[in-house]
Amino acid sequence: MSEQNSPVQVDSLPRQAIQTNPSHTANPVLLTTQTDSRDKWSKKVDFLLSVIGFAVDLGNVWRFPYICYQNGGGAFLIPYTLMAIFGGVPLFYMELALGQFHRTGAISIWKRICPIFKGIGFAICIIALYVSFYYNTIIAWALYYFYSSFTGTLPWTSCDNPWNTPNCTNYFGKSNVTWTTFSKSPAEEFYMRKVLEIQKSSGLYDVGGIRWQLLLCLFLLFTIVYFSLWKGVKTSGKVVWVTATLPYIVLLILLVRGATLPGAWRGIVFYLRPDWEKLMSTAVWVDAAAQIFFSLGPGFGVLLALASYNHFNNNCYRDAIVTSVVNCLTSFLSGFVIFTVLGYMAEMRDVEVEDVAKDKGPSLLFITYPEAIANMVGSTFFAIIFFLMMITLGLDSTFGGLEAVITAVMDEYPHILAKQRELFVLGLITICFLGSLTTLTHGGAYVVKLLEEFGAGCSILAVVLLEAIAVSWFYGIQRFCDDVKAMLGFTPGTFWKVCWVAISPAFLAFIIVSSLLDQPLLMLFDYRYPEWSISVGYLIGASSFICIPFYMVYKLVWTPGSLKQVRDECHASQSCVGQILWEPVFGAAHFERLERGQVFNRPAGSGSSVEKFCSSPSDCVHVAIISRQMNWF
């Protein structure tokens, strides 16, 4: 059935009374009242920790330090800060405000903003699934390392293990060892030949069998995820008190330990030494824009979902600033933690820091850093807390990503799933687990790299670009600012409006175009990905984004009348666009109705179609004024 023929256009709101306003006989308006029954965060800190936990993930530890030193060291902080101020933070603020005002997930929210863009919500959910297929496997690797660390001597300390090869070279504590291009450290061979067993795979043509040890690790992780999410924010809000705070304690411990290592100063100098000429390169600005975007994480539906459980008058503006600053400072702090250790390794190998710091991505966390830890005093302790930190960093982001899907789907289909959350979460976790099986094979690392590059690359950038355009241009920047004023009591300033309308969309378009024009060869461990795998990657990326034009076509085909007819009728109506009004009602003395920018005060008992909404003066009433003609725009 097409949406416009549905008897009530009130999305997933619990309904108590539906009446027709007699003043608009040609275009009747549905008045829906409800007492707010949606779950809320038990404490404000639960929300902040959840947002910080989602935004601060493994990428803050491995990607930012590498991107920073590669793009001019301290000089990189200039484009990074500018991109954060004019691009990342405004989009972050926009999503928090949208979620808090409309109080619904990434799919159903578009019924209230611009229904023709509803495909954005479905695209976000598909992207979140792709991310869950590979991201949790990386956490499973960390869990395997965590288990392997409970020994007197870490298994990646020496070359005397069954999985080692003649190329294994242990240079720590030895003065007559020569490091060559063929040399492999014990940590590298442990990661590749013991954890991944990648030597049993010849590439994507032959990924081999499933590593049962990693399968058990992933099963345990998804079990933790399930019992953290099955009851909603009431349970996940408590779990993040551990998973979001523990990484900072560990980072500080590792920073103090790293700063006391020989050669640590070499790593810090290399990390922060400015190369001002780099600022003339477009690639540096592209990297800065991409880093801040993927670090803050707008567009994944997580901020919409988490903010939808806030109280209506929560100061989401302050939340956006605080969490963004915490995220950026965490990335900067992680750089010191990583590079003090890289300086120490350069000192031990008697090479330059840049020769040690060539690794990026997971290799930095699973080869370089564990290698340094293995040769510290108290190596077992530092290995345990380091991989525990990685597990908690990853779990926080998994909580957020899956909660975005759960909230979006349950808000879209409340009549089916409202009382079946536990079963739905179990089904979603099962799908994610089964989708991850290919990443647990001997060649699973190749699959992880493919999904990482294409599952949430340009597709998520394009999704957020359309989201920014839909909100700022179609829904209207003034209407959006009025929504923010209704919540916070003040209107966003000119800076935010300009960013939302022009700068942020241009920021996203800049990243997309640059990414498409610069497509480096896809390689991992000297393995060059075949052409057919690149084509498969593009199909993966397109499979999510294609939901947007498909839904637009569906909406245009199934909505009666031409586009011009519907738009003309809308403009003729006094209530074309649905508005959401939250207002505390004190004794039901007044009912305020927001209609095309005007506010009408109607005392109770004055003939208004709405007499009384609250059982007590403290109740907060959610009034949804929905137009039956809200079909396309």
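Which residues does UniProt place under the feature "binding site"? I started there: the unreviewed entry lists Gly53, Ala55, Val56, Asn60, Ser295, Asn327, Leu393, Asp396 and Ser397. I note that UniProt positions are given in the numbering used here, that feature names are shortened, and that annotations may be inferred rather than shown by experiment.

Ground rules for myself. This is a predicted model, where local features need pLDDT of at least 70 and side-chain atom pairs count only at pLDDT 80 or more, while totals for chains, interfaces and linings use all residues. Residues are numbered from 1 along each chain as its sequence is written, and side-chain values use heavy atoms, with hydrogens and water left out.

**The annotated set**

I looked up how the listed residues sit in space. They span 345 residues in sequence, yet no two of their C-alpha atoms are more than 13.5 Å apart, so they gather at one spot. From this set, Asp396 belongs to the lining of the second largest cavity. (A cavity is a set of points, on a 1 Å grid over the protein atoms alone, where a 1.4 Å probe fits but cannot get out; lining residues have an atom within 4 Å of a point.)

**Ser295 and Asn327**

I found Ser295 in helix α11, residues 282-296, and Asn327 in helix α13, residues 316-349. Helices here are DSSP runs (H or I, at least four residues), numbered from the N terminus.

Are these two buried or exposed? Ser295 is buried at 5% relative accessible area, and Asn327 is buried at 0%. My cut-offs: buried is under 20%, exposed over 50%, partly exposed in between, with a 1.4 Å probe and protein chains only.

Next I checked contacts, meaning heavy atoms within 4.5 Å. Skipping neighbours within four places in sequence, Ser295 meets Ala55, Asn60, Asn327 and Ser331. With residues up to four places away left out, Asn327 touches Ala55, Val56, Asn60, Ser295 and Leu296. The side chains of Asn327 and Ser295 also share a polar contact of 2.5 Å. (That is a pair of N or O atoms within 3.5 Å; within protein, one must be able to donate a hydrogen and the other to accept it, and residues adjacent in sequence count only if both atoms are side-chain atoms.)

**Cysteines**

I counted one disulfide (cysteine sulfur atoms within 2.5 Å). Cys159 and Cys168 make this link, with sulfur atoms 2.0 Å apart, and it is left-handed at -75° about the S-S bond. Cys159 is partly exposed at 24%, whereas Cys168 is buried at 11%. I also looked at Cys114, buried at 1%, and Cys316, buried at 1%.

Methods:
1 Å grid on protein atoms, 1.4 Å probe; cavity = no way out; pocket = protein on both sides within 12 Å on 5 of 7 lines; lining within 4 Å. Helix = DSSP H or I, 4+ residues; strand = E, 2+ residues; numbered from the N terminus.
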